[in-house]
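Here is a set of exercises to work through with the model open beside you. Try each task first, then follow the solution step by step.

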Amino acid sequence: MTTLLPAAEAPIYYLLWFDTEDYIEPTSDDAALRLATDLENMGVKATFKIVGEKARVLESRGRKDVIRALARHDIGYHTNYHSIPPAPAMYLKSLGLLEGAAELERREASGVTDLRRIFGVTPSCYGQPGSSWGPQANIALRRLGIPVYMDEGSHIGLNDRPFWYMGLLHMFHLGANSMRADINAPSKLDAAKKRFDEAAAKLRAQGGGFIHTYYHPTEFVATEFWDAVNFGRGKYTAPSDYRRPNLRTKESSEQTYRILLDYVAHIKKQPGVRIVTARDLPQLIDSPHSLVDVNEIRGNLLRSIDVNGPHSPADQLLALLGFQSMDVDGPTARVDSTVAATSIPRDLFNKGRDEAVEFIEAHKRLPSHVWFGNERLSLADFTATLAGDQSGPTVAVRRGTLGFEKNVATDPRRTYDWAIHPEGFEAPELLEMARLQAWTIKPARLR
Ligand SMILES: [Zn+2]
């Protein structure tokens with residue numbers, strides 16, 4: 001049990017991040033420099049999630065000044081090419097969990113290597129381009145040494161708070177706690193500040209929490225997105241034909257910087273608010289593993305397999321099988337039960353259970369189903385049956401309900417809506433995979 005701190009002491013952590021991606025419009029380099037410099041002068045560290053191609057372009061344009069200014073902030077990763085088709089969700093949707101992870105790693109590894117070379121650090125975090133999200137990315141990111149997923153999206157979330165998913169710390173789907181000041185509307189700035197204060201007060205009353213804001217440096221110099229102009233609705237444009245986006249006037253651009261800095265200055269002076277970067281997050285968040293009391297969870301699992309306090313559904317199933325503090329992925333497929341009998345003889349049940357244990361040890365992944373002779377139980381039914389096992393000569397077969405799947409979006413069109421995806425693009429396959437992997441979801445709690 002954690003004790004809630006008195007409201008006045010409950011920490012509010014604020015993350016300001018910039019998707020630094022426009023490798024076409026050269027003045028967006030100056031925007032990145034200006035933002036990095038002005039924020040540094042204010043004593044604010046932001047996270048710049050940088051596209052591999054953007055980093056290479058900064059290098060080839062000789063912008064050591066920009067690279068040095070960004071390197072004094074935190075550096076995250078935002079894909080190798082961002083909007084050049086196919087975007088991640090486009091190629092991931094026809095691949096399974098493991099093949100998709102391998103393919104994302106193949107496409108992205110050189111971008112991470114380039115960021116390491118150019119900025120001298122392994123990126124602290126990753127976020128997808130637009131809404132081009134796929135669960136396979138998490139496995140690839142673990143292999144690439146990136147521990148945090150930081151973005152906004154509606155594909156998966158846990159009560160508008162940070163969460164663990166597939167072994168990565170997710171600052172994702174913060175909902176009402178994701179906010180920004182409209183850099184085009186000075187008249188709306190006061191309302192934006194008030195929105196921050198209200199969200200902070202609400203989180204304080206709940207013992208503290210996280211708020212984040214994101215922008216793109218290119219927004220401060222251009223009136224349209226660099227990629228919508230060249231890669232809108234999935235079209236491909238060769239580098240020789242790249243079109244520059246329409247630019248702001250000098251006055252309009254100055255106004256955007258003023259609004260942002262005014263907004264951040266307001267946040268910075270709020271008592272109890274600490275501005276942090278993605279690199280700080282692992283130190284601010286409690287260990288993802290705490291001991292599961294097996295007897296405490298059985299009843300809940302029989303009603304609904306769901307997140308239980310700090311424990312993921314996978315943590316609970318693993319505890320029933322004798323594992324504690326182990327990271328696994330969810331199953332690769334949804335496989336139905338074929339067991340028609342109402343009970344399974346003890347010896348046969350134990351044999352299936354032991355095979356499940358061996359599978360998990362071998363693959364570091366939950367099985368999609370468990371065999372009892374030639375009949376099988378789905379992972380959900382196996383979990384419920386295990387939870388209800390009373391050590392008798394037979395084990396009553398129970399049907400599991402997957403309560404945790406409610407944390408994954410169900411609208412495959414709206415969740416993937418993005419100006420760079422082809423018209424009408426949808427990826428129900430990736431949402432289904434997200435549901436399977438949601439066995440691993442659990443809250444990320446403040447240390
Ligand atoms: Zn982006």
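## Exercise 1: The neighbours of a strand

Strand β1 (residues 12-20) and strand β8 (residues 209-215) pair in the parallel sense over seven bridges. Keep in mind that the model is predicted.

**Task.** Find the residue in β8 that stands opposite tryptophan 17, then find the residue that is the bridge partner of tryptophan 17 in β2.

**Solution.**
- Step 1. Begin with β8, where tyrosine 214 stands opposite tryptophan 17.
- Step 2. Move to strand β2 (residues 47-50), which runs parallel to β1 and is joined to it by four bridges.
- Step 3. In β2, the bridge partner of tryptophan 17 is threonine 47.
- Step 4. Follow β2 a little further: lysine 49 stands opposite aspartate 19.
- Step 5. Add strand β9 (residues 273-276), which pairs with β1 in the parallel sense over four bridges. Here arginine 274 is opposite tyrosine 13.

## Exercise 2: Two faces of a strand

**Task.** Sort the residues of β1 by the side they lie on, and decide whether each face is covered or not. Then do the sorting for β2.

**Solution.**
- Step 1. Count the buried residues of β1: nine of its nine residues are buried, and the strand is mostly covered.
- Step 2. Split β1 by side. Ile12, Tyr14, Leu16, Phe18 and Thr20 lie on one side, with Tyr13, Leu15, Trp17 and Asp19 on the other. Both faces are covered.
- Step 3. Turn to β2, where Thr47 and Lys49 point one way and Phe48 and Ile50 the other way. These residues of β2 are all buried.

## Exercise 3: A helix pair

**Task.** Describe how helix α1 (residues 27-41) packs with helix α3 (residues 64-71), giving the angle and the distance between their axes.

**Solution.**
- Step 1. Choose the descriptors: two packed helices are described by the angle between their axes and the distance between the axes.
- Step 2. For α1 and α3 the angle is about 35 degrees, and the axes are 9 Å apart.
- Step 3. Add the handedness, which is left-handed for the crossing of α1 and α3.
- Step 4. List the residues that meet: Asp29, Ala32, Leu33, Ala36 and Thr37 from α1, and Asp65, Val66, Ala69 and Leu70 from α3.
- Step 5. Sort this contact by class, which gives six nonpolar, one polar and two charged residues.

## Exercise 4: Backbone details in loops

**Task.** Which peptide bond is cis in the stretch from proline 85 to proline 86, and how do threonine 79 and aspartate 160 classify as buried or partly exposed?

**Solution.**
- Step 1. Check omega: the bond from proline 85 to proline 86 has omega near 0 degrees, and is cis. Proline 86 sits in the loop between β3 (74-77) and α4 (88-92).
- Step 2. Threonine 79 is found in the loop between β3 and α4. Although threonine 79 is not a glycine, its phi is positive, about 75 degrees.
- Step 3. Threonine 79 counts as buried because it has 28 C-beta neighbours inside 10 Å, and the cut-off is 20 or more.
- Step 4. Aspartate 160 lies in the loop between β5 (148-150) and β6 (163-165), and its phi is also a positive value, near 60 degrees.
- Step 5. Aspartate 160 has 16 other C-beta atoms within 10 Å, so it is partly exposed.

## Exercise 5: Contacts across the sequence

**Task.** Why does aspartate 329 count as buried, and why does leucine 348 count as partly exposed? Find which residues each one touches, leaving out those up to four places away in sequence.

**Solution.**
- Step 1. Place aspartate 329 in the loop between α12 (313-320) and β10 (343-345). Aspartate 329 is buried because 23 other C-beta atoms lie within 10 Å.
- Step 2. Its contacts, with that sequence limit, are Ile139, Met166, Lys364, Arg365, Gln437 and Thr440.
- Step 3. Place leucine 348 in helix α13 (residues 346-363). Leucine 348 is partly exposed because it has 15 C-beta neighbours inside 10 Å.
- Step 4. With the limit applied, leucine 348 touches Phe372 and Gly373. The C-alpha atoms of leucine 348 and glycine 373 are 7.2 Å apart, with their positions 25 residues apart in sequence.

How values were computed:
Residues numbered from 1 in each chain as written. Predicted model: local features only at pLDDT ≥ 70, side-chain atom pairs only at ≥ 80, totals over all residues. Axes fitted to C-alpha atoms, helices over the stretch in contact; angles between N-to-C directions. Left-handed = near helix turned anticlockwise from the far one by under 90°. Contact = placed C-beta atoms within 7 Å. Nonpolar A, V, L, I, M, F, W, Y, C, P; charged D, E, K, R; others polar. Buried ≥ 20, exposed ≤ 12 C-beta atoms within 10 Å, placed from the backbone. Pairing = 2+ DSSP bridges.
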